[in-house]
Amino acid sequence: MRLSGTGAIAGLAAGGAGVGASQAIAAALPGTTSPLIAVANRVIDWTPRQLKEFAIEQFGTNDKPVLLASVIAGMVIVLALVGAMGRTVGITALAVLVAVAGVVVLADRPTTDGPILRLVPVAVLGAIALGSFAWLLRAAPDTPAPDTPAAEAAAPPGFDRRNFLATVGVLGAVAVGGTVAGQTVLAPGTGRSGVRLPPPRSPAAPLPAGTALKLPGLTPYITDNRDFYRVDTALRVPRVAVDDYRLRIHGLVDAPIELSFQDLLDLPLIERRITLTCVSQPVGGPYVGNATWIGVRTRDLLSRVGVGADADAVKSTSVDGMTIGTPLTVLTDDRDAMLAVAMNGEPLPPEHGFPVRMVVPGLYGYVSATKWLTDLEVTRFADFSAYWTSRGYAAQAPIKTASRIDVPKSFARIPAGRTPVAGVAWAQHRGIERVEVRVDRGVWQPAQLAERDGIDCWRQWVWQWDATPGNHMIEARATDATGIPQTEERVPIAPDGATGWPGVQVRVD
Ligand SMILES: Nc1nc2c(c(=O)[nH]1)N[C@H]1C(S)=C(S)[C@@H](COP(=O)(O)O)O[C@H]1N2
Ligand SMILES: [Mo]
């Protein structure tokens with residue numbers, strides 16, 4: 001088959017306009033689903049775990065833009081190819097693609113809305129893409145006959161190049177305009193700026209003096225919201241309107257309840273500093289942060305619904321369909337696990353779970369920190385498999401004792417003489433008791449620890465080193481307050497968290 005450049009342009013413009021229009025409609029009409037996002041979600045779900053881990057490691061918080069860009073690049077290639085196959089084949093192939101997108105939309109992560117409404121954007125996409133493609137190529141022959149002169153093949157009789165390009169221009173404007181409008185003016189409001197947080201009934205203990213060593217390059221003791229790591233599978237940050245927010249608590253309980261956002265704010269609020277860590281944190285990695293959270297104790301909520309005797313887990317679900325399994329014990333003991341509504345003094349930022357997320361001291365995020373939370377089901381571990389558990393991760397995952405060297409940076413060049421080696425160490429809900437440092441596999445030296453601020457938070461540490469010229473390897477190891485050391489053994493992040501001593505290589509002049 002000969003491929004036609006005119007057809008490729010027509011396919012791209014027609015498909016692009018369809019996608020742009022569908023993006024605008026999906027944003028403007030609540031309850032509808034964007035086909036582009038549904039397809040990209042499917043790509044995330046089907047991506048093998050190792051590739052996801054690779055993406056998180058390579059792109060970190062930028063893994064979503066990278067994925068979306070790949071999906072769009074793939075779409076551009078497919079549309080151009082489909083168009084290049086000419087009018088008849090192209091129309092058929094486009095129709096098949098639109099039908100597949102429709103199936104993907106229907107199979108997308110759960111929403112409460114009916115199938116007809118959800119299919120509106122993909123239906124509009126199909127109508128625009130097929131209609132404008134057929135219109136653009138109305139005068140072009142399917143495939144130029146092999147003996148057609150080149151000039152004639154490019155511009156067959158009846159084909160008006162100027163008209164063609166003008167139509168392509170209009171379609172391009174729909175593609176870009178629709179996508180941008182869907183992302184901006186048409187995006188629904190969440191009511192976040194109107195949220196008034198009541199003062200917590202049980203405020204956090206005052207921050208002890210000396211929790212922060214104030215060394216240049218050392219991670220701040222409290223992580224700013226905008227610097228806080230972000231890890232999730234949400235391609236687009238879910239936008240939950242506070243007024244529509246409902247939290248269901250049900251399952252093996254005496255009396256299921258449904259609460260609005262205001263209902264939660266009206267309950268006694270607690271304020272606590274808690275360090276979160278991702279299981280994807282490689283040794284020395286960035287996926288750990290410390291914040292002040294305000295929320296409702298899960299213990300209060302669970303005692304209100306009355307938990308059945310045979311339950312041992314809570315399965316939480318987010319608006320974007322993430323499922324997370326958490327042991328009932330950690331949600332009902334005295335560790336102050338909470339449904340958080342505020343982070344560092346403001347309503348949760350959208351990326352960190354607005355309006356409500358779970359925060360549990362001592363457990364990795366994937367088994368505890370459900371963002372955009374809407375459903376708590378009291379159940380048994382034997383009766384369900386949560387998102388990451390189905391992908392080879394452990395069902396239960398307490399945070400392992402760990403430390404990180406922030407200063408000096410790896411491969412730094414530093415002058416000889418006295419120089420600080422410093423970092424953070426964490427072992428949430430057990431507390432950090434000791435950090436040691438060694439140079440070139442020499443004797444372990446005790447580091448000085450910053451003031452302790454409860455066992456649920458990380459601790460900064462520093463060790464003064466008399467650096468001598470040459471290349472050196474600095475390592476650190478922490479020990480928690482129960483005596484569990486950070487092990488030297490290197491294990492990967494799956495199934496329940498990486499271990500190993502962090503090390504930095506430096507050159508002293
Ligand atoms: N809805 C939802 N909640 C989620 C996740 C997710 O993918 N979706 N990821 C979890 C993981 S793996 C971690 S480590 C924490 C990260 O929280 P943060 O992004 O606020 O740092 O959120 C948890 N909650
Ligand atoms: Mo995580």
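**Exercise 1. The ligand site**

Which polar backbone atom lies 3.1 Å from an oxygen atom of ligand 1? Work through the contacts in this predicted model, then say how much of the ligand the protein covers.

*Solution.* Start with the backbone. The oxygen atom of ligand 1 is 3.1 Å from a polar backbone atom of valine 231. A second backbone contact involves alanine 369, with a polar atom 3.0 Å from a nitrogen atom of the ligand. Now turn to the side chains: lysine 371 places a polar side-chain atom 2.5 Å from an oxygen atom of ligand 1. On its own, ligand 1 has 530 Å² of accessible area, and the protein covers 99% of that. To complete the picture, list the neighbours. There are 19 residues around ligand 1, and those that come nearest are Tyr229, Thr233, His352, Arg357 and Lys371.

**Exercise 2. Classifying ring pairs**

Find how the rings of tyrosine 387 and tryptophan 388 are arranged, and do likewise for tryptophan 444 and tryptophan 501.

*Solution.* Two numbers are needed for each pair: the distance between ring centres, which must be within 6.5 Å, and the angle between planes, where over 60 degrees counts as edge-to-face. The count of aromatic pairs comes to 10. For tyrosine 387 and tryptophan 388, the centres are 5.1 Å apart and the planes stand at 80 degrees, so the pair is edge-to-face. Next, check burial, for which the cut-off is under 20% relative accessible area. Tyrosine 387 has 9% relative accessibility and so counts as buried; tryptophan 388, at 15%, is buried too.

The rings of tryptophan 444 and tryptophan 501 have centres 5.0 Å apart and planes at 75 degrees, so this pair is also edge-to-face. Tryptophan 444 lies in the loop between strands S14 (432-439) and S15 (445-446), while tryptophan 501 lies in the loop between S18 (470-480) and S19 (503-508), so the pair ties together parts 57 residues apart in sequence. Both tryptophan 444 and tryptophan 501 are buried.

Finally, look for a cluster and for charges over rings. Ring pairs link Phe228, Tyr229, Tyr287 and Trp293 into a cluster. Arginine 391 has its charged end over the ring of tyrosine 387, 3.7 Å from the ring centre. Similarly, the charged end of arginine 138 sits over the ring of tryptophan 135, at 3.9 Å from its centre.

**Exercise 3. The surroundings of strand S5**

Is strand S5 largely enclosed or left open by the rest of the structure? Identify its partner strands as well.

*Solution.* Begin with burial: in S5 (residues 313-318), 5 of the 6 residues are buried, so the strand is largely enclosed by the rest of the structure. One partner is strand S6 (residues 323-327), paired with S5 in the antiparallel sense over 5 bridges. Within this pairing, threonine 317 has threonine 323 as its bridge partner. S5 and S6 form a hairpin with 4 residues between them, and glycine 321 in the turn has a positive phi of about 85 degrees. Another partner is strand S10 (residues 373-379), which runs antiparallel to S5 and is joined to it by 6 bridges. Here lysine 315 stands opposite glutamate 377.

**Exercise 4. The edges of an open sheet**

Which strands stand at the edges of the sheet S11-S13-S17-S16?

*Solution.* First read the order: 4 strands form this open sheet, with antiparallel pairing. S11 (402-407) and S16 (448-449) stand at the edges with a single partner strand each, so one side of each is left without a neighbour in the sheet. Then look inside: S13 (residues 417-426) and S17 (residues 459-467) run antiparallel and are joined by 9 bridges. In that pairing, alanine 425 has arginine 459 as its bridge partner.

Note on methods: Residues numbered from 1 in each chain as written. Chains lettered and ligands numbered in written order. Predicted model: local features only at pLDDT ≥ 70, side-chain atom pairs only at ≥ 80, totals over all residues. Heavy atoms only, no water. Phe/Tyr/Trp six-rings, centres within 6.5 Å; stacked < 30°, edge-to-face > 60°. Buried < 20%, exposed > 50% of the residue type's maximum accessible area, 1.4 Å probe, protein only. Helix = DSSP H or I, 4+ residues; strand = E, 2+ residues; numbered from the N terminus. Lys NZ or Arg CZ within 6 Å of the ring centre and 35° of its normal. Pairing = 2+ DSSP bridges. Near = heavy atom within 4 Å. Polar contact = N/O pair within 3.5 Å; in protein donor to acceptor, adjacent residues only side chain to side chain. Areas by Shrake-Rupley, 256 points an atom, 1.4 Å probe, with all protein chains shown as cover.
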